[in-house]
Amino acid sequence: MTGSLFIVTAPSGAGKTSLVRSLLEMDKLVSLSISYTTRAMRPGEEDGEDYHFVSEERFLQMLEEGDFLESAEVHGARYGTSQTLVESVLAEGRDLVLEIDWQGAAQVRSLYPSAVGIFVLPPSLEELARRLHNRAQDSAEVIARRLAAARDEISHVGEFDYVIINDRFETAIHDLLAIIRAQRLRGEKQLRQHQELLRNFIV
């Protein structure tokens, strides 16, 4: 049985990473694809756990060799998803989450049309600005760029299957869990997974 591929996208500061981390803690059947990036490591991050941090030269080499399922340049840094990792996890029947931007989401869905797209929205631009300032990870200039980019990113929300408004975190994480569970319960997946059970019902 092939696993399901989930794409989680949001403007920076909407709470995407926190939601995905909670999802992984609450649902052990889901794995996270660790992206490659050229951006600098932030305080508290670990190489190989949050991202694979690589140089610009190494990233471009991997891109040229066709190692990425998708790649994009966001806020001056490059990001990419390993195609080999995605294929191996799905072939093992495990569900996989890609935490990527809308550009990457479009690339992935052109190759995996069955991928489930989930867009996380902040309750307002004012709240988004407050969250970006409060996390104290970026300079005022970077925050201004992120807010300017947010409007364009949010304009692509209609390209996704599900939309979660992250106003109250507890509600948002339960919404995300519900989407994952609903995908597993789809008829075609259940029929493939429980063929023996169904044969017992059919005379």
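**Entry 1: β5, β6 and their hairpin**

I began with strand β5 (residues 68-74), which pairs with β6 in the antiparallel sense over six bridges. This is a predicted model, and I read it as such throughout. I checked one register point: F68 has S82 in β6 as its bridge partner. Then I went to the turn, where two residues sit between the strands of the β5 and β6 hairpin, and H75 takes a positive phi near 50 degrees.

On its other pairing, β6 is joined by two bridges to strand β3 (residues 36-37), and the two run antiparallel. There I noted Y36 standing opposite G80 in β6.

How much of β6 is buried? I looked up residues 77-82 and found five of the six buried, so the strand is largely enclosed by the rest of the structure.

**Entry 2: the sheet around them**

I wrote down the strand order as β4-β3-β6-β5, an open sheet of four strands with mixed pairing. Which strands stand at the edges? They are β4 (52-53) and β5, each with a single partner strand, so one side of each has no neighbour in the sheet.

I also looked for a helix over this region. Helix α3 (residues 83-91) lies across β5 and β6, and I have it running at about 35 degrees to β6.

**Entry 3: A148 and H75**

I picked A148 in helix α6 and looked up its distance to the hairpin residue H75. The two are 73 residues apart in sequence and 11 Å apart in space, C-alpha to C-alpha. Is A148 buried or exposed? Its relative accessible area is 57%, and the cut-off for exposed is over 50%, so A148 counts as exposed.

**Entry 4: strand β8**

Next I turned to strand β8 (residues 116-121), where six of the six residues are buried. I sorted the side chains by direction: V116, I118 and V120 point one way, while G117, F119 and L121 point the other way. Both sets are buried.

For partners I found two strands. Strand β1 (residues 5-9) is joined to β8 by four bridges and runs parallel to it, with T9 opposite F119. Strand β9 (residues 162-165) also pairs with β8 in the parallel sense, over four bridges. In that pairing I118 has Y162 of β9 as its bridge partner.

**Entry 5: the largest pocket**

I moved on to open space. The largest pocket holds about 1,000 Å³. Which of its 38 lining residues are closest to the centre? I listed K16, T17, R42, Y51 and E99.

By element, α1 (16-26), β5 and α6 (140-154) each supply at least two residues of this lining. The largest share comes from α1, with six residues. I was glad to meet β5 again here, after the hairpin. By class I counted 13 nonpolar, 11 polar and 14 charged residues in the lining.

**Entry 6: the second largest pocket**

This one holds about 280 Å³ of space. Its lining has 15 residues, and S4, S114, A115, Q183 and K189 lie nearest the centre. Which element gives the largest share? I found helix α8 (residues 187-193), with three residues. The lining divides into six nonpolar, five polar and four charged residues.

Notes: Residues numbered from 1 in each chain as written. Predicted model: local features only at pLDDT ≥ 70, side-chain atom pairs only at ≥ 80, totals over all residues. Heavy atoms only, no water. Buried < 20%, exposed > 50% of the residue type's maximum accessible area, 1.4 Å probe, protein only. Pairing = 2+ DSSP bridges. 1 Å grid on protein atoms, 1.4 Å probe; cavity = no way out; pocket = protein on both sides within 12 Å on 5 of 7 lines; lining within 4 Å. Points joined across faces, edges and corners; volume = space filled by probe spheres on them. Nonpolar A, V, L, I, M, F, W, Y, C, P; charged D, E, K, R; others polar. Contact = heavy atoms within 4.5 Å. Axes fitted to C-alpha atoms, helices over the stretch in contact; angles between N-to-C directions.
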